[in-house]
Amino acid sequence: MRRYRFIVARGNERLYEHLIRSLGALEEIEIIMDRREEKRRHGGGSGPPAERRVLNWADEDLKTYGWSFVKLDRE
């Protein structure tokens, strides 16, 4: 089964609550609030290069749109 993660930027609780109400029952979608500290978003990071690329892309979406939708490769 494909899995997805909807990440909502800190301070965007209204969107988070809306997504929980709207999509929370869907087993394949995980909805989380970004709780990372700002300074941790910058830098090399850890994990395989493909995972770091996805996280960098998600970080840009969080900054630009206030949310990010990511496809997870894990089954």
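Visitor: How many salt bridges does the count come to by this rule?

Guide: The count comes to 2, a salt bridge being a side-chain nitrogen of Lys or Arg within 4 Å of a carboxyl oxygen of Asp or Glu. Keep in mind that this is a predicted model, where local features need pLDDT (the predictor's confidence in each residue, from 0 to 100) of at least 70, side-chain atom pairs count only at pLDDT 80 or more, and totals for chains, interfaces and linings use all residues. Residues are numbered from 1 along each chain as its sequence is written, and side-chain values use heavy atoms, with hydrogens and water left out.

Visitor: What makes R5 and E30 a salt bridge?

Guide: Their side chains meet at 2.9 Å, N to O, and the rule asks for within 4 Å, so the pair qualifies. R5 sits in strand β1 and E30 in strand β2, 25 residues apart, so distant parts of the chain get linked; strands here are DSSP runs of E, at least two residues, and helices are runs of H or I, at least four, numbered from the N terminus.

Visitor: Why is R5 called partly exposed?

Guide: Because its relative accessibility is 21%, and the label covers what lies between buried (under 20%) and exposed (over 50%), using a 1.4 Å probe and protein chains only. E30, at 28%, counts as partly exposed too.

Visitor: How do you know that K63 forms a salt bridge with E60?

Guide: The closest N and O atoms are 3.7 Å apart, so the 4 Å limit is met. Both residues lie in helix α2, 3 residues apart, about one turn of the helix.
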